[in-house]
Amino acid sequence: MVAGLLERAHDHGDGGYRKAANELGSILDLSSTTLEVDVPNGLDLGYDLLLFHGPEIGNEFEIQEGLVVKPAAALSDYLDREWIRDFVPEEMDRRDWRQIGAVVRPFKWRPAFRRKTDYREEHPSWPPRFEDGALTFLEILSIANQTAILPFMLMHGCVHRSAHGLLGLAHSQDGYQPISLVGRRYDPFRTPPQLRDSSIDLAKEAFSKRSDEEFERLAPIIHRLSEALARLGRFGANDRILDVSQSLELMFRPKGGGISRKLQDGMAELLGVDEAHKDDIRTAIKQFYDVRSAVVHGATDARRKRNLEDRQRAFISGFNLTQQALFKMLLNDAGARN
């Protein structure tokens, strides 16, 4: 505690020892009373964190009460960058945190001091899981912004490093769990993709519907489409096409033969504003499904070979239409296509 007090006093500068002693006294008061204690500088605030790699997060925003998205750079008092770098994939520049954000759940904490001979009679009370909702929101946001968003680390019980220091403790977390690797080549000279405000608003509105029966039906489609944006590797282009085609079939559930035609009509009726627009949608879905057939059956003739060469354009067109259809179904609102 003496070492932590001196270090914190040094951080404060002039009058630092008095300020640090006030902080330490307030933190110690927390352990001995059930009453509210005013702890300076928010040192009694902690976070559960889900770290992700994706578009650049300019400013924090609230998903719902008790769940916030923050730039990782704004959490420097809670995250040890040197420690986190061990978990950042090698493909990413470990000095550049522009594309690292966090879904955070704030909590208030109290220190506890016990003798080694003390035994706890009561069972610990753990807060409900927050990562399920956080992961679902990131998938929706990925689709809304059409940008890959990849979680890579779940961390519980992150407390302000100065509070740890004042109590004479090494800065640590209660637990961490790697989620997945980013797995993509990083170019430090490339401008990171941007997160649009309209995408945030759309994702938040869709996320608010997650208790609806229709959301439950569409949940596998949300997962598929978010995965499609992150596909890489030798067969990544093919896999993206298959992700979108399966999403379409899950969305419209065509029965019997003539699947391509049924998907064309279903999408045209859902999104079309007039006959000319419906015809354009049917044409786009037919072209997409022709590419899907070439992926599934292989380049068995010249026509299918040409279709395979058109995979990227087909994916963009197919994903755009599927994204619009998804949000219209989720929101059940004629204005959702906008």
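Student: Which ring does the charged end of Arg210 sit over?

Tutor: Keeping in mind that this is a predicted model, you can see the charged end of Arg210 over the ring of Phe207, at 3.8 Å from the ring's centre. There is another case to look at, since the charged end of Arg240 sits over the ring of Phe315, 5.6 Å from its centre.

Student: How many aromatic pairs are there?

Tutor: Two rings are taken as a pair if their centres lie within 6.5 Å, and by this rule the count comes to four aromatic pairs. One of them joins Phe61 and Phe137, whose ring centres are 6.3 Å apart and whose planes meet at 55°, so the pair is called tilted. This pair links distant parts of the chain, because Phe61 belongs to strand S2 (residues 61-64) while Phe137 belongs to helix H4 (residues 131-145), 76 residues apart.

Student: Is Phe137 buried or exposed?

Tutor: A residue counts as buried when its relative accessible area is under 20%; Phe137, with a value of 0%, is therefore buried, and Phe61, with 11%, is buried as well.

Student: What kind of pair do Phe137 and Phe207 form?

Tutor: Planes over 60 degrees apart count as edge-to-face, and the pair of Phe137 and Phe207 is edge-to-face, with 85° between the planes and 5.6 Å from centre to centre. Here too distant parts of the chain are linked, with Phe137 in helix H4 and Phe207 in helix H6 (residues 197-207), 70 residues apart. Phe207 is buried, as is Phe137.

Student: Which residues form one aromatic cluster?

Tutor: Phe61, Phe137 and Phe207 form one aromatic cluster.

How values were computed: Residues numbered from 1 in each chain as written. Predicted model: local features only at pLDDT ≥ 70, side-chain atom pairs only at ≥ 80, totals over all residues. Heavy atoms only, no water. Phe/Tyr/Trp six-rings, centres within 6.5 Å; stacked < 30°, edge-to-face > 60°. Helix = DSSP H or I, 4+ residues; strand = E, 2+ residues; numbered from the N terminus. Buried < 20%, exposed > 50% of the residue type's maximum accessible area, 1.4 Å probe, protein only. Lys NZ or Arg CZ within 6 Å of the ring centre and 35° of its normal.
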